Amino acid sequence: LWRIISTEPIETTDQIAAIVDIYRRRWTVEEFFKALKTGCQYEKLQLESAHALLVALAIHTAVAWRLLLLRWTSREMPEAPADTVLTAAQLAVLRRVGPKLHCPLPKHPTVLDALRAVARLGGHIKNNGAPGWLVLGRGFDKLLLLELGWLAAQGSV
């Protein structure tokens with residue numbers, strides 16, 4: 001038996017179910033903060049002013065959201081097309097560097113293929129189980145830098 005204390009009304013079964021659904025979403029919020037703290041290494045920035053911390057938080061929040069989207073989608077819809085979670089430029093970069101990393105993308109990559117390629121960029125070793133936030137964060141950071149170079153070379157930046 002467990003109890004949830006709430007300030008929301010819980011007079012009907014539907015209201016109780018709604019509160020339980022809200023509580024179940026807490027895990028996703030916790031995972032987002034893991035992506036921010038571990039994947040983006042936000043706490044290690046050691047910035048000195050509140051303004052600098054808020055600017056960094058604004059940038060890293062977007063990256064953490066993308067990491068969460070990549071990992072969640074790879075678990076819930078692994079066969080979805082990779083362009084669901086990555087841009088066309090990011091996929092082009094992964095196609096180019098994938099063979100060099102022994103992680104080539106198939107012709108029609110899935111979200112799971114994309115996750116594995118990003119993780120490989122971050123140094124993930126295939127036999128080590130599912131990639132964690134740290135390796136995904138490193139891989140996505142490298143992917144964003146490679147994407148910037150890719151777009152600059154095409155004159156798109």
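This text goes through some helices, charged pairs and a surface patch of the structure above, which is a predicted model.

A starting point is helix α6, made of residues 133-153. This helix has 21 residues, and the distance from its first C-alpha to its last is 30 Å. That is close to the 30 Å expected at 1.5 Å a residue. Part of α6 is buried: the residues concerned are Trp133, Val135, Leu136, Gly137, Gly139, Phe140, Leu143 and Glu147. These buried residues pack against four other helices, namely α2 (26-39), α3 (50-76), α4 (88-97) and α5 (111-121). After α6 comes Gly155, whose phi is positive, near 75 degrees.

One of the packing partners of α6 is α4. In α4 the buried residues are Ala89, Gln90, Leu91, Val93, Leu94 and Val97. They pack against α3, α5 and α6.

Helix α5 contains Asp113. This residue is buried yet has no salt bridge. The nearest side chain of opposite charge is that of Arg116, 4.5 Å away. A salt bridge is counted here when the nitrogen lies within 4 Å of the carboxyl oxygen, so the distance of 4.5 Å to Arg116 does not qualify. If neighbours within four places in sequence are left aside, Asp113 is in contact with Leu105, Pro106 and His108.

Elsewhere, charged side chains do pair. Side chains of opposite charge can pair when their charged atoms come close. The count of salt bridges in this model comes to five. Among them is the one between Arg26 and Glu30, whose closest N and O atoms are 3.5 Å apart. Arg26 and Glu30 are four residues apart in helix α2, and therefore separated by about one helical turn. An α-helix has 3.6 residues a turn, so residues three or four places apart point the same way. Both residues of this pair are partly exposed: the relative accessible area is 44% for Arg26 and 33% for Glu30.

Helix α2 also holds Lys34 and Glu31, three residues apart, about one turn of the helix. Their side chains form a salt bridge with the closest N and O atoms 3.4 Å apart. Here the two partners have different burial: Lys34 is partly exposed, with a relative accessible area of 37%, whereas Glu31 counts as buried at 8%. The pair is also part of a network of salt bridges that links Glu31, Lys34 and Arg71.

Another salt bridge joins the side chains of Lys37 and Glu43, at 3.8 Å from N to O. Lys37 is partly exposed, with a relative accessible area of 43%. Glu43 is exposed, at 56%.

The last feature is a patch on the surface. Leu45, Leu47 and Leu53 make a nonpolar surface patch of about 190 Å². Of these residues, Leu45 is placed in the loop between α2 and α3. Leu45 is partly exposed, with a relative accessible area of 31%. A residue needs over 30% relative accessible area to be part of a patch, so Leu45 meets that cut-off at 31%.

Definitions and conventions
Residues numbered from 1 in each chain as written. Predicted model: local features only at pLDDT ≥ 70, side-chain atom pairs only at ≥ 80, totals over all residues. Heavy atoms only, no water. Helix = DSSP H or I, 4+ residues; strand = E, 2+ residues; numbered from the N terminus. Expected span 1.5 Å × (residues − 1). Buried < 20%, exposed > 50% of the residue type's maximum accessible area, 1.4 Å probe, protein only. Contact = heavy atoms within 4.5 Å. Patch = residues over 30% accessible without salt bridge, like charges linked within 9 Å, V, L, I, M, F, W, Y side chains within 5 Å. Areas by Shrake-Rupley, 256 points an atom, 1.4 Å probe, with all protein chains shown as cover. Lys, Arg positive; Asp, Glu negative; His and termini not counted.
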